[in-house]
Amino acid sequence: MRSLYGHEGTKCAKVTCPTCSKERWYPLWQLRQFLKRENFSGHCRPCGVAALRAGHLRYVRSKGYGQHMTSNGYVNLTVAGIDLNDLPMFRAMSTPAAARVAEHRWVMAKHLGRPLLSVECIDHMDGDKTNNAIDNLRIYVRGKNQPGSGHGYGTYYHEWQMALAKIRELESAL
Ligand SMILES: [Zn+2]
């Protein structure tokens, strides 16, 4: 902080932002008000907002608000649950009102590197809705004669195939 007199004889001091090292001048009376607050950091407004937002994100993630469990057993992600660099993709896939994306859809979208279409469904191969590892997920287009496509969601095609293989194996053993 360096002080000098402003245009109208007001004594001013220079404050340097600790993050972007941008400098700006404040009248001393205003700085005195700032310094009364014990959390005064000297950040400029954009850096202060960014720090506040980062702190808020840290807080909600530590509380587990980034993930949300739906009543039918799926895991949904909120904005707090994703990397902010992926925000455009999140906005493209989320429901407008709730701003949430199902985690299995999000994992597959990240794997493909593009947002999913609404006709593209993601199936949990082992039937466990909370197991959202990428090798447990399968993408298919509903009603397009693709393996597992049929009426409704969650057709468990993989489970069915595994059961058939097991039956064949047992039959050959007879
Ligand atoms: Zn700054």
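In what sense, parallel or antiparallel, do strand β5 (residues 75-77) and β6 pair, and over how many bridges? In this predicted model, the two strands run in the antiparallel sense and are joined over 2 bridges. They belong to an open sheet of 3 strands, whose order is β4-β5-β6 and whose pairing is antiparallel. The edge strands of this sheet are β4 (67-69) and β6 (101-102), each of which pairs on one side only. Within the contact of β5 and β6, N76 stands opposite A102, a residue of β6. In general, the strands of a sheet pair through backbone hydrogen bonds, either parallel or antiparallel.

From the sheet we turn to the metal site. The zinc ion takes its protein donors from four cysteines, namely C17, C20, C44 and C47, each through its SG atom, and these donors lie 2.2 to 2.3 Å from the ion. The 4 donor atoms make angles of 101 to 117° with one another, and the site is accordingly tetrahedral. Read along the sequence, the donor residues follow the spacing C-x2-C-x23-C-x2-C. Since C20 lies in the loop between β2 (11-16) and β3 (23-27), whereas C47 lies in helix α2 (residues 45-62), this pair ties together parts that are 27 residues apart in sequence.

The donor cysteines can also be considered by their accessibility, for which the cut-offs matter: a residue is buried under 20% relative accessible area, exposed over 50%, and partly exposed in between. C44, with a relative accessible area of 5%, is therefore buried, and C47, at 14% relative accessibility, also counts as buried. C20, by contrast, has a relative accessibility of 37% and so counts as partly exposed. As for bonds between cysteines, a disulfide requires a pair of cysteine sulfur atoms within 2.5 Å, and by this rule the model has 0 disulfides.

The last feature is the empty space at the protein surface. Rolling a probe the size of a water molecule over the atoms shows where such space is left. The largest pocket holds about 510 Å³ of space, and of the 15 residues that line this pocket, R37, S41, H43, C44 and G48 are the closest to its centre. C44 thus appears both among the donors of the zinc ion and in the lining of the largest pocket. Among the secondary-structure elements, β3 and α2 each supply at least two residues of the lining, and α2 gives the most, with 5 residues. Helix α2 is also the element in which the zinc donor C47 lies.

Key
Residues are numbered from 1 along each chain as its sequence is written. This is a predicted model: local features need pLDDT of at least 70, side-chain atom pairs count only at pLDDT 80 or more; totals for chains, interfaces and linings use all residues. Side-chain values use heavy atoms; hydrogens and water are left out. Buried means under 20% relative accessible area, exposed over 50%, partly exposed in between (1.4 Å probe, protein chains only). Donors are N, O and S atoms within 2.8 Å of the metal (3.2 Å for Na, K and Ca); water is not among the atoms, so sites may look incomplete. Four donors count as tetrahedral if all angles lie between 85 and 135 degrees; four count as square planar and six as octahedral if opposite donors are over 155 degrees apart and all others between 65 and 115; anything else is irregular. Helices (H or I, at least four residues) and strands (E, at least two) are DSSP runs, numbered from the N terminus. Two strands pair if DSSP finds at least two bridges between them. On a 1 Å grid over the protein atoms alone, a cavity is a set of points where a 1.4 Å probe fits but cannot get out, and a pocket is an open set with protein on both sides within 12 Å along at least five of seven lines; lining residues have an atom within 4 Å of a point. Grid points are joined across faces, edges and corners, and a volume is the space filled by probe spheres set on the points.
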